Amino acid sequence: MSERHTALRSMHDLGLAAWFGGSLMGALGVNGAAAQIEDSTKRLPAASAGWARWTPVNAAAIGAHLAGAVGELVTESPRMARQAGVGKISAVKTALTLGALAVTGYSRMLGMKLQNAGGPPVDGITEPNHQTPADVASCQRQMKLLQWAVPALTGALVVVTAYMSEQQKPGQVFRGMLSRAGGLMSSPIMAGKAIGMGAPKIGKAAAFGAPKIGKVAAFGAPKIGKVAAMGLATRHLVGAGR
């Protein structure tokens with residue numbers, strides 16, 4: 001396993017930082033500032049213009065993050081196979097990434113609808129009023145939740161990435177490999193226990209059978225002795241007759 005993957009890590013971290021920071025700044029800064037415009041019909045167009053300028057940069061950041069993440073996944077795959085716990089946290093990270101991508105894509109789709117709606121009167125970027133058209137109001141209500149979902153998911157990715165960095169410390173790697181090795185050895189140990197549990201049963205069976213064999217031998221011994229004695233006497237008589 002190579003020790004340095006600076007380019008991949010930089011793409012991963014910078015892309016994620018821009019994705020998280022841009023979404024949080026957009027929710028607080030762009031939407032918040034546009035809501036302060038006095039003319040209610042200019043609030044949505046102002047916010048839409050700000051998001052439109054940020055979208056290409058955000059797309060590039062997401063692409064860089066995904067490229068770095070896939071590259072790290074490939075380069076770290078040997079450690080995932082040897083160190084316990086790495087595979088599970090990688091699955092969590094993948095799920096969070098897919099969720100953040102889905103929410104970001106859907107948010108952008110709603111944003112384009114709001115952008116194409118023109119300048120309807122609204123109380124805020126995500127708050128309609130009684131004069132707001134129904135379709136625009138529906139998009140705004142969804143955006144009110146989604147604008148915080150994106151930074152929440154990407155922020156969770158930052159935390160998971162920090163945790164995975166801790167797993168790469170030598171002590172963590174050593175303990176994880178020992179744990180994985182112990183799990184692999186558990187099957188032979190269980191098999192040995194099964195054999196050990198079966199051995200007393202075999203011994204008991206042999207012990208129960210031994211007295212019966214002894215009894216048979218004891219009962220048969222006198223009969224064999226009598227037959228041998230009779231044969232010897234007969235041989236003496238025959239010898240005397242000669």
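# Reading helix packing and burial in a six-helix model

User: In this model α2 and α4 pack with their axes 11 Å apart, at an angle of about 160 degrees. By what are two packed helices described?

Analyst: Two packed helices are described by the angle between their axes and by the distance between those axes. Please keep in mind that the model is predicted. Angles over 145 degrees count as roughly antiparallel, and with an angle of about 160 degrees α2 and α4 are therefore roughly antiparallel to each other. The crossing of α2 and α4 is, in addition, left-handed.

User: Which residues of α2 and α4 meet, and how many of them are nonpolar, polar or charged?

Analyst: From α2 the contact draws on L44, S48, W51, A52, T55, N58, I62, H65, L66 and E72, which meet K93, T97, L101, T104, R108, L114 and Q115 of α4. Sorted by class, this contact of α2 with α4 has 7 nonpolar, 7 polar and 3 charged residues.

User: How do α4 and α5 read when the angle, the axis distance and the handedness are taken in turn?

Analyst: The axes of α4 and α5 cross at roughly 155 degrees and come within 8 Å; α4 and α5 are therefore roughly antiparallel to each other, and α4 passes α5 in a left-handed crossing. The contact of α4 with α5 has, by class, 21 nonpolar, 11 polar and 2 charged residues.

User: Before going on to single residues, what is the secondary structure of the protein as a whole?

Analyst: The protein comes to 6 helices and 0 strands, and its pattern, read along the sequence, is α-α-α-α-α-α. Among contacts between residues at least 6 apart in sequence, 78% join residues at least 24 apart. Of the 242 residues in the protein, 27% are buried.

User: Where do nonpolar side chains tend to be in soluble globular proteins? And which residues have the most contacts inside the largest nonpolar core here?

Analyst: As a general tendency, nonpolar side chains are buried together in soluble globular proteins. In this model the largest nonpolar core has 23 residues, and W19, L44, A47, L110, L114, I125 and V160 are those with the most contacts inside it. At least two residues of this core are supplied by each of α1 (6–34), α2 (43–75), α4 (86–116) and α5 (134–167), and the largest share, 8 residues, comes from α5.

User: Taking I125 and V160 from that list, what does each of them touch, neighbours up to four places away being left out?

Analyst: I125 touches N31, A34, A35, R43, L44, A47 and Q140 once residues up to four places away in sequence are not counted. V160, whose place is in helix α5, touches I89, V92, K93 and L96 under that exclusion. The C-alpha atoms of V160 and V92 are 8.1 Å apart in space, although V160 and V92 are 68 residues apart in sequence.

User: How is burial assigned, and is V160 buried or exposed?

Analyst: A residue is buried under 20% relative accessible area and exposed over 50%, with partly exposed in between. V160 has a relative accessible area of 10% and is therefore buried. A100, in helix α4, is buried with a value of 0%, and S90, which is also found in helix α4, counts as buried because its relative accessibility is 8%.

User: What are A100 and S90 in contact with, beyond their neighbours within four places in sequence?

Analyst: A100 is in contact with W19, L153 and T154, and its C-alpha atom is separated by 9.9 Å from that of G155, 55 residues apart from A100 along the chain. For S90, the residues touched, not counting those up to four places away in sequence, are M80 and M164.

User: And how would you read L24: what is its relative accessible area, and which residues does L24 contact?

Analyst: L24 lies in helix α1, and with a relative accessible area of 30% L24 is partly exposed. Leaving aside neighbours within four places in sequence, L24 is in contact with W148 and P151. The C-alpha atoms of L24 and G155 are separated by 9.6 Å, with their positions 131 residues apart along the chain given as the separation.

Key: Residues numbered from 1 in each chain as written. Predicted model: local features only at pLDDT ≥ 70, side-chain atom pairs only at ≥ 80, totals over all residues. Heavy atoms only, no water. Core = buried A, V, L, I, M, F, W, Y, C linked by side-chain atoms within 4.5 Å. Buried < 20%, exposed > 50% of the residue type's maximum accessible area, 1.4 Å probe, protein only. Helix = DSSP H or I, 4+ residues; strand = E, 2+ residues; numbered from the N terminus. Contact = heavy atoms within 4.5 Å. Axes fitted to C-alpha atoms, helices over the stretch in contact; angles between N-to-C directions. Parallel < 35°, antiparallel > 145°, perpendicular 65-115°, else oblique. Left-handed = near helix turned anticlockwise from the far one by under 90°. Nonpolar A, V, L, I, M, F, W, Y, C, P; charged D, E, K, R; others polar.
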